[in-house]
Amino acid sequence: MRVLVNERGAARLLGRHLWVFRRDVLSGPEEAGLFPVYWGKRFLAWALYNPQSDLTVRAFRFRPTADPVEALLENLDRALKKRLPHLEADPEGGYRLVHAEGDLLPGLVVDTYAGHGVVQVTARALEPLLPRIAQALRPHLKSLLARNDARLRGLEGLPLEVRPLFGRVPEHVVVQEGRVRYGVDLYAGQKTGAFLDQRENRLYMERFTGERALDVFSYHGSFALHLALGFKEVVAVDSSEEALKQAQENARLNGLHPRIRTLRANAFDFLREEEKAGNSYDLIVLDPPAFAKKKGDLERAYRAYKEVNLRALKLLKTGGILATASCSHHLTEPLFYQMLQEAAQDAHRLLDLLHRGGQGFDHPVLLNVPETQYLKFAVFEIVG
Ligand code: SAH
């Protein structure tokens, strides 16, 4: 049994993109599974295949193999090898062990929080392999929880469920990140519990010191914690009460609660009101959610990104620092910097780019798959 794609689908796989959409699939089995993909008689790749999904073909290997499951497990092995030195050096840390397409394991995400794993499967063809995947992860983890409650599973025709796969899964774990610690609720929380892709960027921010800092779109106060090491007062703003409760707990956990104030607000309204009140800050972090989830959202999203950045720039003192991120891959890196340039021009502020960052090493980027490069992070000093 094989999947046949048209010329356009073939061009994608020959160019080493991993995806072929349904419109470019000519024929294939009725059931989801691991299948070889052909263009006429020409073998192209082995792929996860799901005829029910618009994203029908997701390749994981470009050479033939007699044992596709073994080939997938080889990819898993490669992903783990990349992370193991870090896990050994930093066993209480939080890391992404498997980053789906980025690790040639489409539809699979595995994170570890101080040795406790969380796995998420969002490809139907992978679902039956979960026990094998868990077995391969076992030597590296104290416990493993399947957090299969992602909405994406619905699109793949998969049930939503959360269940332990091995070990004793604690409700709550404490993760060390540089000089701070934070709590993770394995069973709830956004994503698999924390935003690990910003780890290196949060650590980068520890170098700054001053009087007043602002962490907007703060979630669990993760940036705020690092900032509170060097600032006398940090305000953490988020629209989620739940998230801020955890932010307060994290502040206490580190003895930083006298310096961190949490505030529930819509970021747009908050920034506008701060400007009206004439308040200013020495440093602002902006880490908004993906405003552009689909390509069609891009124009509106661009304006939203520009608005928060513009407003933040107006609140910063000269000599102040803006650290700003976008996690939407539709807002490409060139567009991200264009948006920031426009915001700076409109705010009449001159910005010196101190640091250009992105997602951590454990969220690998495949050059041929632009979708894998999604996080942009830039730090500027306001010089005029
Ligand atoms: N900086 C965090 C991750 C931020 S995720 C970290 O490093 O862990 C984005 C956050 O923005 C979420 O917590 C979400 O609740 C919040 N959010 C979304 N829309 C918002 C809005 N309009 N105003 C304020 N917060 C918002």
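In the predicted model, residues V69, E70, L73, L76 and L80 of helix α2 are in contact with R132, I133, A136 and L137 of helix α3. By residue class, this contact of α2 with α3 comprises seven nonpolar and two charged residues, with no polar residue present. Two packed helices are described by the angle between their axes and the distance between the axes. For α2, which spans residues 68-89, and α3, which spans residues 130-137, the packing angle is about 35° and the axes lie 11 Å apart. The crossing of α2 past α3 is right-handed.

The ligand site was examined in the same manner. The ligand is surrounded by 16 residues, of which R202, S222, D238, A267 and D287 come nearest. The shell around the ligand is mixed in character, with seven nonpolar, six polar and three charged residues.

Polar contacts to the ligand involve both backbone and side-chain atoms of the protein, as the following distances show. On the backbone side, a polar atom of A267 lies 2.8 Å from a nitrogen atom of the ligand, and a polar backbone atom of F217 is found 3.3 Å from a ligand nitrogen atom. On the side-chain side, an N or O atom of S222 is placed 2.9 Å from an oxygen atom of the ligand. Of the 580 Å² that the ligand exposes when taken alone, 89% is buried by the protein. S222 and A267, which take part in these polar contacts, are also among the residues that come nearest to the ligand.

How values were computed:
Residues numbered from 1 in each chain as written. Predicted model: local features only at pLDDT ≥ 70, side-chain atom pairs only at ≥ 80, totals over all residues. Heavy atoms only, no water. Near = heavy atom within 4 Å. Polar contact = N/O pair within 3.5 Å; in protein donor to acceptor, adjacent residues only side chain to side chain. Areas by Shrake-Rupley, 256 points an atom, 1.4 Å probe, with all protein chains shown as cover. Nonpolar A, V, L, I, M, F, W, Y, C, P; charged D, E, K, R; others polar. Axes fitted to C-alpha atoms, helices over the stretch in contact; angles between N-to-C directions. Helix = DSSP H or I, 4+ residues; strand = E, 2+ residues; numbered from the N terminus. Left-handed = near helix turned anticlockwise from the far one by under 90°. Contact = heavy atoms within 4.5 Å.
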